[in-house]
Amino acid sequence: MDKPISLVFVGDDFVGKTSFVYSILNKQLQQQYVLGVYEQIASKCTINNKVISYNLVDTPVYEDYDKIKDLSSFKDNSIFIMCYAVNNSSSLFGLVQWTQQIRSQGVLGPLVLLGMKDDLKYDASSIVTQKQLQFVKDKIGAQLDLVCSTENKYNTHFVIDQTLKLARKQYQQ
Ligand SMILES: Nc1nc2c(ncn2[C@@H]2O[C@H](COP(=O)(O)OP(=O)(O)OP(=O)(O)O)[C@@H](O)[C@H]2O)c(=O)[nH]1
Ligand SMILES: [Mg+2]
């Protein structure tokens, strides 16, 4: 059997990572939910009649990026989902630093840029522009850029599908 693919969610505080993971798993986010360094949750889906096993890896945010340890365990069979909120351009630019953090640990896997909270794209003061998005996408070398909204379930399963397709291509499963 193929080794599970890890989908590792990183990005600034409050962009919606945990809500997304829970929505994929059909669970309600608990207010008291507390994470360790990271939490891995196993799941499965079928693409082109093939069952794919994957781990959703949620990461908490610390004030200091250096406190995130052990990303090196995601060197193989992993894809990083670089999360920002579409109504917060600073969370998009924060991904440049996240990428440095990941790469400095020798993790070379592909990156997917994911704009979250798409339902808020019309009423935000700090909305991400196409130009900013393209700049960060090029800067971090993301292979895909997608948007979703956990709030209204827009594109959430599509994000998983597209990411797993990219992973299968990359790791030739
Ligand atoms: N409007 C809207 N709000 C969302 C969406 N996804 C998450 N939120 C809200 O955004 C807040 C932060 O969500 P979390 O999932 O805790 O964010 P996080 O990235 O896991 O945050 P940290 O664990 O602190 O890094 C919560 O109040 C969520 O209810 C969305 O798609 N739309
Ligand atoms: Mg969280």
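**Group meeting: a walk through the predicted model**

I will start with helix 2, where the buried residues are S91, L92, G94, L95, W98, T99 and I102. Please keep in mind that this is a predicted model. Those buried residues pack against strand 1, strand 4, strand 5 and helix 3.

Now the length of that helix. Helix 2 has 16 residues, and at 1.5 Å a residue they should span 22 Å. The C-alpha atoms at its two ends are 24 Å apart, which agrees with that expectation. After the helix comes G106, with a positive phi near 80 degrees.

There is a general point that helps in reading the list of buried residues. An α-helix has 3.6 residues a turn, so residues three or four places apart point the same way.

For contrast, take Q97, which is also found in helix 2. Is Q97 buried or exposed? Q97 is exposed, because there are 12 other C-beta atoms within 10 Å, and a residue with 12 or fewer falls in that class. Q97 and I140 are 43 residues apart along the chain, and their C-alpha atoms are separated by 9.2 Å.

That brings in helix 3. Two packed helices are described by the angle between their axes and the distance between the axes. Helix 2, residues 89-104, and helix 3, residues 130-140, pack at an angle of about 5 degrees, and their axes are 10 Å apart. The two helices are therefore roughly parallel to each other. On the side of helix 2, the contact is made by S89, L92, F93, L95, V96 and T99. On the side of helix 3, the residues are Q132, L133, V136, K139 and I140. By class, the residues of this contact divide into seven nonpolar, three polar and one charged.

Let me step back to the whole chain. The protein has four helices and six strands. Along the sequence, the pattern reads β-α-β-β-β-α-β-α-β-α. The protein has 173 residues, and 32% of them count as buried. Among contacts with a separation of 6 or more, 77% are accounted for by residues 24 or more positions apart.

Two individual residues illustrate contacts between distant parts of the sequence. The first is F74, in the loop between strand 3 (50-58) and strand 4 (78-85). F74 is buried, because 21 other C-beta atoms lie within 10 Å and the class begins at 20. Leaving out residues up to four places away in sequence, F74 touches S6, V8 and V107. F74 also sits 9.5 Å from G106, C-alpha to C-alpha, with their positions 32 residues apart in sequence. G106 is the residue with positive phi that I mentioned after helix 2.

The second is S23, whose place is in helix 1. S23 is partly exposed, with 19 other C-beta atoms within 10 Å. What does S23 touch, not counting residues up to four places away in sequence? The answer is T150, K153 and T156. For the pair S23 and T150, the separation is 127 residues in sequence and 6.7 Å in space, C-alpha to C-alpha.

Next, the ligand. How many residues surround ligand 1? There are 16, and the closest are G16, K17, T18, S19 and E151. Helix 1, residues 17-24, supplies the largest share of this shell, which is three residues. Sorted by class, the shell around ligand 1 has six nonpolar, five polar and five charged residues.

Last, some backbone angles to look at in the viewer. F14 has a positive phi of about 75 degrees, although F14 is not a glycine. F14 is found in the loop between strand 1 (5-11) and helix 1. With 14 other C-beta atoms within 10 Å, F14 is partly exposed.

K117 is not a glycine either, and K117 has a positive phi of about 60 degrees. K117 is in the loop between strand 5 (111-116) and helix 3. Is K117 buried or exposed? K117 counts as buried, because it has 24 C-beta neighbours inside 10 Å.

To recap, helix 2 packs roughly parallel to helix 3, and the buried residues of helix 2 also pack against strand 1, strand 4 and strand 5. Helix 1 gives three residues to the shell around ligand 1, and S23 of helix 1 touches residues including T150.

Conventions:
Residues are numbered from 1 along each chain as its sequence is written. Chains are lettered from A and ligands numbered from 1 in the order in which they are written. This is a predicted model: local features need pLDDT of at least 70, side-chain atom pairs count only at pLDDT 80 or more; totals for chains, interfaces and linings use all residues. Two residues are in contact if their C-beta atoms, placed from the backbone, lie within 7 Å. Axes are lines fitted to C-alpha atoms, for helices over the stretch in contact, and angles run from 0 to 180 degrees between N-to-C directions. Angles under 35 degrees count as roughly parallel, over 145 as roughly antiparallel, 65 to 115 as roughly perpendicular and the rest as oblique. Ala, Val, Leu, Ile, Met, Phe, Trp, Tyr, Cys and Pro count as nonpolar, Asp, Glu, Lys and Arg as charged, and the others, Gly among them, as polar. A residue is near a molecule or strand if its C-beta atom, placed from the backbone, lies within 6 Å of it. The expected span of a helix is 1.5 Å times one less than its number of residues.
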